[in-house]
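Me: Could you walk me through how to read a helix and the core it packs into? I would like the general idea and then the case at hand.

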Amino acid sequence: MSSSSDKVRALHILIKHEGSRRKASWKDPEGRIISNTASDAAVSQLKALRDDILSGKSKFEDVESRYSDCSSTKRGGDLGSFERKQVDDLRFVAELGAVGSKRNE
């Protein structure tokens, strides 16, 4: 039986860009903004949003609901709980509070 310390909860903010596989989202159904957003611009925006959250200037929930392109926005960016081992086994894991990116190889 697993304890709560064996679980981790993942929340995220996703900003799509011109290199995203699917160039549409709940807030940009036609993908017009996404198709014109460079990858570097999306990363810069995420870093600025992260800084605002960590400094206390903004709350994660407010930033996520306004800026995230992911359908998980309906759940506050919540991807759910995972067994710690599942997360430890991932090939790429961003550090807590880090701006990460999915790499397609």
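Reply: Happy to; we will go through a helix, a core, one core residue and one charged residue, bearing in mind that this is a predicted model.

Me: Let's start with the helix. How many residues does α2 have, and what does α2 reach from its first C-alpha to its last?

Reply: Helix α2 (39-55) has 17 residues and reaches 24 Å between its first and last C-alpha, close to the 24 Å expected at 1.5 Å a residue. Just after α2 comes Gly-56, with a positive phi of about 90°.

Me: Which residues of α2 are buried, and which are exposed on the other side?

Reply: A general idea helps here: an α-helix has 3.6 residues a turn, so residues three or four places apart point the same way. In this model, the buried residues of α2 are Ala-42, Leu-46 and Leu-49. They are on the same side of α2 because they cover an arc of only 65° around the axis. On the other side, Asp-40, Leu-54 and Ser-55 are exposed. Part of what covers the buried residues of α2 is α3.

Me: Which residues make up the largest nonpolar core?

Reply: Again, the general idea first: in soluble globular proteins, nonpolar side chains tend to be buried together. Here the largest nonpolar core has seven residues: Ile-13, Ile-15, Ala-42, Leu-46, Leu-49, Phe-60 and Val-63. Both α2 (39-55) and α3 (60-67) supply at least two of its residues, and the largest share, three residues, comes from α2.

Me: Let me zoom in on Ala-42. Why does Ala-42 count as buried, and what does Ala-42 touch?

Reply: Ala-42, in helix α2, has a relative accessible area of 2%, and it counts as buried because that is under 20%. Leaving aside residues up to four places away in sequence, Ala-42 touches Ile-15, Lys-16, His-17 and Thr-37. Take Ile-15 from that list: it is 27 residues from Ala-42 along the chain, yet their C-alpha atoms are separated by 6.0 Å.

Me: And a charged residue? Where does Asp-69 lie, and which side chain of opposite charge is nearest to Asp-69?

Reply: For a buried charge, one can look for a partner of opposite sign. Asp-69 lies in the loop between α3 and β2 (78-83). Asp-69 is buried yet has no salt bridge, and its nearest side chain of opposite charge is Lys-27, 4.0 Å away. Beyond four places in sequence, the residues that Asp-69 touches include Ile-15 and Lys-16, both of which are also touched by Ala-42. Others touched by Asp-69 include Leu-14, Ser-25, Trp-26, Lys-27 and Ile-34.

Notes. Residues numbered from 1 in each chain as written. Predicted model: local features only at pLDDT ≥ 70, side-chain atom pairs only at ≥ 80, totals over all residues. Heavy atoms only, no water. Core = buried A, V, L, I, M, F, W, Y, C linked by side-chain atoms within 4.5 Å. Buried < 20%, exposed > 50% of the residue type's maximum accessible area, 1.4 Å probe, protein only. Helix = DSSP H or I, 4+ residues; strand = E, 2+ residues; numbered from the N terminus. Contact = heavy atoms within 4.5 Å. Lys, Arg positive; Asp, Glu negative; His and termini not counted. Expected span 1.5 Å × (residues − 1). Arc of directions from axis to C-beta.
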